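Student: Could we go through this structure together? I would like to begin with the helix contacts.

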Amino acid sequence: MSWSDLFYPGNPQRRERLIRKSQELRELMKNNFRATNQLIEALKEHLGLSFRRVVLNEKDTVKENCDVIIERIREIQAEVKKIDQQMKAKLEPTLYEKLKNMSLSVPDYQLFSGVVSAVCGITALASIVLVAWLITNGYILTNITLTFGLIGTGIMATVVVGVLFMGIGMIIGAILGGIERDQLERALEEYDRALEEFRPASEKYQDSITYVRIRLAMSQ
């Protein structure tokens, strides 16, 4: 037992909590990178849009990895925005609103598919499903970039991702440079705030991409 543990007997538990939260952060990042690559594959297959895959580099810091996925999602958003603007210009206002509210009827959907064909040069049902999903779920892409931005500016930003699955000593050293009680508590508080936002945003992002992939598979 270290001298600090004698003065602060709660430190071992704090360290354990910190390592669990660090590992949760890494897993959430890993899952979001995988979901983004699944979206990239769908965009290439059904809309002919090409984006480089994202890779979680364990030799880079949390911030550097956050910057990579934020950049790629913003590239996707830029293309979605172009499609959305053209769709809005070509669709009747009431039909566009129905699309945004996800309340298209069968006749509405037929009109919508005709505009998709004119804008994107595609007629496949799966492609139409993907365009509709992209336009109505753009906020999900925005939310995940905001949460990655939050993670990339906090106390964990400068930690190398690979360290997040290493021993307690390496994590403590990388994050804190010490094991004082106040430092541990501040780190835990920041992790709690970050994960409180990152966890639900990650789940919604991954679930949404899983949903559209199932829809795409069913429409082929």
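Tutor: Certainly. This is a predicted model. In the contact between α5 and α6, Tyr 109, Phe 112, Ser 113, Val 116 and Cys 120 of α5 meet Leu 125, Ile 128, Val 129, Val 131 and Ala 132 of α6.

Student: How do the residues of the contact of α5 with α6 divide by class?

Tutor: Nine of them are nonpolar, one is polar and none is charged.

Student: And at what angle do the axes of α5 and α6 cross?

Tutor: They cross at roughly 95° and come within 10 Å, α6 being the helix of residues 125-136. The two helices, α5 and α6, are therefore roughly perpendicular to each other, as angles of 65 to 115 degrees count as such.

Student: What about α4 and α5, how are their axes placed?

Tutor: Helix α4 covers residues 93-100 and helix α5 covers residues 106-120; their axes come within 11 Å, with a crossing angle of roughly 105°. It follows that α4 and α5 are roughly perpendicular to each other.

Student: Which residues make that contact?

Tutor: From α4, Leu 95, Lys 98 and Leu 99 take part; from α5, Asp 108, Leu 111 and Phe 112 do. By class, the contact of α4 with α5 has four nonpolar and two charged residues, and no polar ones.

Student: Changing topic: what does UniProt list as "transmembrane region"?

Tutor: The unreviewed UniProt entry gives residues 111-135 and 155-176 under that name. In this model, the span 111-135 is 84% helix and 0% strand, and its end C-alpha atoms lie 16 Å apart.

Student: Now the cysteines. How many disulfides does the structure hold?

Tutor: Zero. For background, a disulfide is a covalent bond between the sulfur atoms of two cysteines.

Student: Is Cys 66 buried or exposed?

Tutor: Cys 66 counts as buried, because its relative accessibility is 0% and the cut-off for buried is under 20%.

Student: And Cys 120, what is its relative accessible area?

Tutor: It is 24%, so Cys 120 is partly exposed. This cysteine is also one of the α5 residues that meet α6.

Student: One last residue: where is Thr 36 placed?

Tutor: Thr 36 lies in helix α2, which spans residues 11-47. Its relative accessibility is 0%, so Thr 36 counts as buried.

Student: Which residues does Thr 36 touch?

Tutor: Leaving aside residues up to four places away in sequence, Thr 36 touches Val 54, Ile 69, Ile 73, Tyr 205 and Ile 209.

Definitions and conventions. Residues numbered from 1 in each chain as written. Predicted model: local features only at pLDDT ≥ 70, side-chain atom pairs only at ≥ 80, totals over all residues. Heavy atoms only, no water. Helix = DSSP H or I, 4+ residues; strand = E, 2+ residues; numbered from the N terminus. Buried < 20%, exposed > 50% of the residue type's maximum accessible area, 1.4 Å probe, protein only. Contact = heavy atoms within 4.5 Å. Axes fitted to C-alpha atoms, helices over the stretch in contact; angles between N-to-C directions. Parallel < 35°, antiparallel > 145°, perpendicular 65-115°, else oblique. Nonpolar A, V, L, I, M, F, W, Y, C, P; charged D, E, K, R; others polar. UniProt positions renumbered as here; feature names shortened; annotations may be inferred. Disulfide = S-S within 2.5 Å.
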